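User: Hi! I have a structure open and would like to learn how to read its features, one at a time. Could you walk me through some of them?

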Amino acid sequence: MAVNILIVEDESKTGDYLRLGLREAGFAVDLVSNGVDGLHHALAGHHDLLILDVMLPGLNGWQVLQQLRAQGSAIPVLFLTARDQVEDRVKGLELGADDYLVKPFSFAELLARLRTILRRGRVEVEATSMKVANLELDLLRRRVTRDGKRIDLTAKEFGLLELLMRRQGEVLPRSLIASQVWDMNFDSDTNVIDVAVRRLRGKIDDGFEPKLIQTVRGMGYVLEVPGERCD
Amino acid sequence: MIERVSLTVRLTAFYVLASTLLLLGMAAFISSAIQQHFAELDRETLNDKIQLVRGIVDNAASLEDLRSRLNDALQSHPGLYVRIEGADGHVLYDTAAFQFPPALLQQPPTAVGQHTSAWHDGQASYQGVVATLAAGAVLKQDARMVAAVDTAHHAHFMADLRHSLWLYVLAGAASSGLLGWWATRAGLTPLRRMKAKAQLVTAHKLDQRMDVEAIPVELADLATSLNEMLQRLQNDFERLSDFSSDLAHELRTPLNNLLTQTEVVLSRSRDLTTYRDTLASNGEELQRLARMVSDMLLLAKAEHGLLHVPTLADIDLAHEVKALFDFYEALAEEHEVRLLLQGAAHVKGDSLMLRRAISNLLSNALRYAPQGTDIVVRLDPLPGAGARISVANRGAPIPQDMLPRLFDRFFRADKARAHHDSDGAGLGLSITQAIAQAHGGTVCARSQDGHNVFVIELPLCHPAATAAMGSKPAPKTVHG
């Protein structure tokens, strides 16, 4: 059952490419280019998530959200905007948005946040262990084994591996990794994440097959069995 | 409404009012003085006439004689009127065709020199007096004498005088108005000069200043304030232009790379891998540009004092630094550099912003620390709930004159050095400074004995520093 996403975006290039990218990521996507249509479609109730641009002709993003919530719709909303004021962020969240992305954003970031929103409210069975191919993660005892061999990781390395495994198959942008693993919510101007991933690879991929941690150039990192990506 | 009336009109109106009042006062004084003088003269004249009549009465042989002598006398004294009444009230003598006012006739006699009365009869005016004639040879009993003199000539004189005075007052008022207006205009010339100077000021010519020496004392304060305002505007404008041109310049190089790369790759048919790699490389470059734009926006906000600390939470700096050490663990290991924390301190501020500020200092230190050395982060509490955070690393000494410039936007210490992809845009230290300033603090650098130390002090207790926040660059002091 594909997840239905409604995009409300008046910039045709942005809208078209977002639709393409999300479709290829496995979502069913509808695109409208103004606030009135957006509100109308959203209220029809066929969608699981709304990606809403703030600057829209006719009804702007704020108004669409306000009216949606006023009419009792609880559809999750992800705001897109070029404006970066703290007040806008707060305003958006107060009005009932679930998240807020400032343009320009990386598509991988959008995807990751989208998935985070969709994941909310779903009852997560707390797994006690995770396994991908011959890599095993024991969450209770905080232990990693590959091919039966114990591997020593630092706390943060474990956290990084756990994140990659939990979001297996999802390309995670560096900003998300920094935020989830280290709680660093700003763009670092170094290749800190790259080095951390490299070190992790050295411990859990070097000398083992298959190579699980992949680099997706220009987007981020993903943990999966190679060949399983739809290319 | 009153406030909007022009100064010139206002001052001129005051002059006219004042001089008119003065002139009127003077005119009234002159008029009244002359009036009194005339009254004096008339009194004396009347007294003389009374003596004269008394003389005639004494010398008269009989009533007939008295009458004829009085007639003769009165003929040679035109303008004099006499009436003599006996004790019983019947008229003994009366100047022909003269009407004394009834009030005067009723009056009791007065002593010589007292109490004259004045009255008008149509156009003519008179002064009159009542006196006693002692009984004598002719008058068997005391008689009453009423005498009057014609004061027409005095009255005319006074009328003419008043007329002239009015004319003069009006003329005086008018000319004082004109003179006042001219004087005010001349006096307000410095204001017009200031206005002319102010009109020269445009966005491109902000260097105009009022010449405080050539301005009257009362306007000096105003001129000084205007000069200070112009200076601030000029500073801000220059910084704004610098900012825009810096940004434009820095954007040019990456944009050029993107453009060239794209065009070259498109110039002929290539294999899929090449296209893929090109797109990936462009994607990375674009992400770097996006970060730069974000950073510049933050700096722009800081420049205009719009960078506010959203929440003032109590920050445990040791905790933050340890979190940062975890973050940089892998990188430090790769560079074979040890990260050490000394001391502890708390401060009020925003966790995300402070983390970022310290993170930039750490990444900077990691970039320059030689292999096998330590990076030491020291936390010290400062009086007044402040804190000092210093990040020290060993490394090539930074020239003293370069130390203040380290926090300039896009400053790179070694221009000649290859610009690694891992290097930032050169905004890290500027951002640290902006964040320190937003917290009311400062950041500075020093370099000695092979150690380079960057020190953030928060917040600074000087009100001057808080005032400088966001409107001037932080004082680039170098601690000795």
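User: Let's start with A:Arg167. Which residues does A:Arg167 touch, not counting those up to four places away in sequence?

Analyst: Keep in mind that this is a predicted model. Leaving out residues up to four places away in sequence, A:Arg167 touches A:Ala112, A:Thr116, A:Arg119, A:Leu172 and A:Leu176. A:Arg167 sits in the loop between α6 (155-166) and α7 of chain A.

User: Is A:Arg167 buried or exposed?

Analyst: For this, look at the relative accessible area; under 20% is called buried. A:Arg167 has 6%, so A:Arg167 is buried. Its side chain also has a polar partner: one of its polar atoms lies 3.0 Å from the backbone oxygen of A:Ala112.

User: A:Ala112 came up twice. Which residues of α5(A) are buried?

Analyst: A:Ala112 is one of them, along with A:Ala108, A:Glu109, A:Leu110, A:Leu111, A:Leu114, A:Arg115, A:Ile117 and A:Leu118. These buried residues pack against β1 (4-8), α1 (12-24), β3 (49-53), β4 (77-81), β5 (99-102) and α7 of chain A.

User: How do I check the length of a helix such as α5 of chain A?

Analyst: Compare the span expected at 1.5 Å a residue with the distance between the end C-alpha atoms. Helix α5 of chain A has 13 residues (107-119) and should span 18 Å; its end C-alpha atoms are 18 Å apart, so the two values agree. You can try this on helix α1 of chain B too: its 53 residues (7-59) should span 78 Å, and its end C-alpha atoms are 78 Å apart, which agrees.

User: What caps the N-terminal end of α1(B)?

Analyst: That is B:Ser6, with a side-chain oxygen 3.3 Å from the backbone nitrogen of B:Thr8.

User: How can I tell that residues inside a helix may pair up?

Analyst: An α-helix has 3.6 residues a turn, so residues three or four places apart point the same way. For a case here, take A:Asp16 and A:Arg19, which are three residues apart in helix α1 of chain A and so are separated by about one helical turn. Their side chains meet in a salt bridge, at 3.4 Å from N to O. A:Asp16 is partly exposed at 38% relative accessible area, and A:Arg19 is partly exposed at 26%.

User: What about residues that are not neighbours in sequence?

Analyst: Look for C-alpha atoms that approach each other although many positions lie in between. B:Pro109 and B:Val130 are 21 residues apart along chain B, and their C-alpha atoms are separated by 4.8 Å. B:Pro109 is in the loop between α3 (102-106) and β3 (117-121) of chain B. Not counting residues up to four places away, B:Pro109 touches B:Val130, B:Ala131, B:Thr132 and B:Arg144. With 36% relative accessibility, B:Pro109 counts as partly exposed.

User: How do I sum up a whole chain?

Analyst: Count its elements and its buried residues. Chain A has eight helices and eleven strands, and 47% of its 231 residues count as buried. Chain B has eleven helices and twelve strands, with 40% of its 480 residues counted as buried.

User: Now for the interface. How many residues does each chain give to the contact?

Analyst: Chain A gives 26 residues and chain B gives 30. Together the chains bury about 2600 Å², of which 57% is on carbon and sulfur atoms.

User: How many salt bridges cross the interface of chain A and chain B?

Analyst: There are five. In one of them, A:Arg198 pairs with B:Glu334, and the closest N and O atoms are 2.4 Å apart. This pair runs from B:Glu334 in helix α8 (residues 317-335) of chain B to A:Arg198 in helix α8 of chain A. B:Glu334 is partly exposed at 37% relative accessibility, and A:Arg198 is partly exposed at 42%.

User: Where do A:Arg217 and B:Glu284 lie?

Analyst: A:Arg217 lies in the loop between β10 (213-216) and β11 (220-223) of chain A and B:Glu284 in helix α7 (residues 272-303) of chain B, so this pair joins two chains. A:Arg217 and B:Glu284 form a salt bridge with their closest N and O atoms 3.3 Å apart.

Notes. Residues are numbered from 1 along each chain as its sequence is written. Chains are lettered from A and ligands numbered from 1 in the order in which they are written. This is a predicted model: local features need pLDDT of at least 70, side-chain atom pairs count only at pLDDT 80 or more; totals for chains, interfaces and linings use all residues. Side-chain values use heavy atoms; hydrogens and water are left out. Helices (H or I, at least four residues) and strands (E, at least two) are DSSP runs, numbered from the N terminus. The expected span of a helix is 1.5 Å times one less than its number of residues. A polar contact is a pair of N or O atoms within 3.5 Å; within protein, one must be able to donate a hydrogen and the other to accept it, and residues adjacent in sequence count only if both atoms are side-chain atoms. Contact means heavy atoms within 4.5 Å. Buried area is the accessible area (1.4 Å probe) that two parts lose on being put together, summed over both. A salt bridge is a side-chain nitrogen of Lys or Arg within 4 Å of a carboxyl oxygen of Asp or Glu. Buried means under 20% relative accessible area, exposed over 50%, partly exposed in between (1.4 Å probe, protein chains only).
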